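Reader: I would like a close look at a single part of this model, starting from one residue and moving on to its surroundings. Could you walk me through it?

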Amino acid sequence: MTAVGVVGLGTMGAGIVEVFARAGVPVVASEIDGTALERGRAHLVGSTDRAVSRGRLSPEDRDALIGRVRFVVGLSDLADVDLVVEAVPERLDLKRLVFGELSKICKPSAVLASNTSSLSVTEIAVTTDRPDRVIGLHFFNPAPVMKLVEIVRTVVTAPSVVADAQALCARLNKVGVTIGDRAGFVANALLFGYLNQAVTMLESGFVTRDDLDAAMKLGAGLPMGPLTLLDLIGLDVGLEVLDTMYDRGGRNQRHAAAPLIRQMVTAGLLGRKTGRGFYTYGTPAPSPEAPADGGTDVVLVTDEPVIAAAMASDRPEDVVGLHVHRDAVAEVVRSVLTGDAAVAAARAVCAERGLVPVVCGDRSGRVVNALLFPYLNDAVKMLEASYATVEDIDHAMTLGCGYPAGPFEQLDAIGPGVVLDGLRAMYEETREPGLAPAPLLSQLVTAGRGFRSESLR
């Protein structure tokens with residue numbers, strides 16, 4: 001491919017332009033009007049200037065990079081490119097309109113690619129005269145930094161087009177993961193079920209905002225908590241992705257958007273881009289709440305349901321659960337009978353030992369495992385359906401979402417049997433279909449095998 005076009009120069013589209021130009025590929029960068037075009041140019045210049053200031057790009061290389069980009073209004077200048085990557089807003093009607101026009105303008109041999117994160121590439125492809133030359137190329141934000149590209153093939157995409165896309169990813173120094181046209185693909189299908197469950201947990205009053213994010217960042221080792229991540233992504237984007245996956249993915253309850261997300265979007269609380277979401281931006285973050293003086297030194301510790309231990313005690317109001325993760329976070333589990341004094345005393349004990357206390361209700365999985373284990377189970381179901389390989393799913397989450405380990409690496413590290421037992425307990429407590437353990441997980445536990453063994457790779 002000697003020349004490419006990019007349609008839509010928002011943050012994502014401008015990042016894709018930079019990726020191609022960095023690799024020495026001439027780019028025709030297209031927007032709908034002059035104002036949007038200048039905004040896209042500013043995105044590119046700002047990103048490359050930051051790279052220069054950080055010593056990651058020389059001024060000469062920056063100038064050469066920008067010199068490879070031709071900024072145009074409209075689609076007519078894309079007639080001779082070999083590949084067009086569409087990066088317009090995530091609306092099926094808009095993408096179909098763009099592809100219909102590209103089909104008329106681009107030469108017959110040109111490949112048409114969508115950067116959609118969750119929409120059906122097949123439904124986009126049928127608006128063209130060349131559905132066999134339509135593919136999904138889902139870059140991750142920020143595109144110049146993130147290594148993953150999901151290559152989405154439809155049932156009619158030509159094998160040669162898939163091979164060209166794989167070779168292109170290698171040329172761009174990206175890791176291409178080739179998958180079928182399924183709602184949410186790999187990364188978003190796994191990520192947004194977890195994010196949605198986290199919001200539901202907050203909405204129910206099971207755990208506070210700050211404790212929830214601290215639990216997953218420190219207790220699960222993730223780059224940031226789920227609510228901080230949703231604010232970064234944008235709640236409106238999150239809602240669009242969840243609605244698309246729910247409608248296209250068999251109406252899986254894990255992708256039915258929590259009412260709180262919809263309410264916040266309606267209220268314009270979209271996250272960082274509006275200055276307020278789950279957090280308020282532009283003001284100093286609140287200091288962590290200091291442990292209160294509980295007035296009691298009685299704290300009984302249990303890993304079982306706290307209410308059962310409380311009822312076996314002659315002072316149930318003084319019984320809390322304590323569950324430590326990664327020597328960093330302690331889940332302080334209160335039953336319906338636990339008193340505030342006992343919780344305060346437990347928080348103080350945690351603080352004395354250098355642990356961050358996270359107070360939550362008395363449910364199976366508490367916070368960390370209640371969010372982590374269903375996410376791991378979703379990954380097993382994806383593998384079970386032969387949708388993607390162990391390596392590709394792990395790559396999607398480490399390279400696309402910045403996770404320190406992929407789900408199967410985590411599963412083997414925790415122990416499939418531990419995860420299976422935890423899922424069974426959560427399913428028996430709630431009877432939520434999404435928490436039912438994947439049959440493959442049960443089978444491998446019975447066989448004493450891990451997920452990264454040679455037979456599953």
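**A close look around S442**

Author: Happy to. Apart from its neighbours within four places in sequence, S442 touches L420, R424 and P437. Please keep in mind that this is a predicted model. S442 itself sits in helix α18, which spans residues 439–447. For a sense of distance, take T200, which is 242 residues away from S442 along the chain: the two C-alpha atoms are 27 Å apart.

Helix α18 also leads us to a second helix, α16. The elements covering the buried residues of α16 include α18, together with α7 (187–203), α14, α15 (390–399) and α17 (416–430). Helix α16 runs over residues 407–414, and its buried residues are P407, F408, Q410 and L411. These four lie on the same side of α16, because they cover an arc of only 155° around the axis. The general rule behind such a pattern is that an α-helix has 3.6 residues a turn, so residues three or four places apart point the same way. Just past the end of α16 comes G415, with a positive phi of about 110°.

One of the covering helices, α14, brings up another backbone detail. R366 is found in the loop that runs from β11 (356–360) to α14 (368–384). R366 is not a glycine, yet its phi is positive, at about 50°. Its relative accessibility is 13%, and since buried means under 20%, R366 counts as buried.

A similar backbone feature turns up at N173, where phi is near 65°, again positive in a residue other than glycine. N173 belongs to the loop between α6 (159–171) and β8 (175–180). Here the relative accessibility is 53%, so N173 counts as exposed.

The elements on both sides of that loop are parts of a right-handed β-α-β unit, made by β7, α6 and β8. The strands β7 and β8 run parallel and are joined by six bridges. Within this pairing, V149 stands opposite G176 of β8.

Going back along the chain from β7, we reach the loop between β6 (134–139) and β7 (148–153), where P142 has its place. The peptide bond between N141 and P142 is cis, with omega at about 0°.

This stretch falls inside a record annotation, too. In an unreviewed entry, UniProt lists residues 4–181 as "domain: 3-hydroxyacyl-CoA dehydrogenase NAD binding". Over residues 4–181 the chain is 41% helix and 22% strand, and the C-alpha atoms at the two ends are 23 Å apart.

Finally, a word on the cysteines, which may matter to you when setting up bonds. A search of the whole structure finds zero disulfides. For C106, which is in no disulfide, the nearest cysteine sulfur is that of C169, 19 Å away. With a relative accessible area of 5%, C106 is buried. C169 is likewise in no disulfide, and its nearest cysteine sulfur, that of C401, is 16 Å away. C169 counts as buried as well, at 3% relative accessibility.

Key:
Residues numbered from 1 in each chain as written. Predicted model: local features only at pLDDT ≥ 70, side-chain atom pairs only at ≥ 80, totals over all residues. Heavy atoms only, no water. Contact = heavy atoms within 4.5 Å. UniProt positions renumbered as here; feature names shortened; annotations may be inferred. Buried < 20%, exposed > 50% of the residue type's maximum accessible area, 1.4 Å probe, protein only. Pairing = 2+ DSSP bridges. Right-handed = clockwise from strand over helix to strand, strands pointing away. Arc of directions from axis to C-beta. Disulfide = S-S within 2.5 Å.
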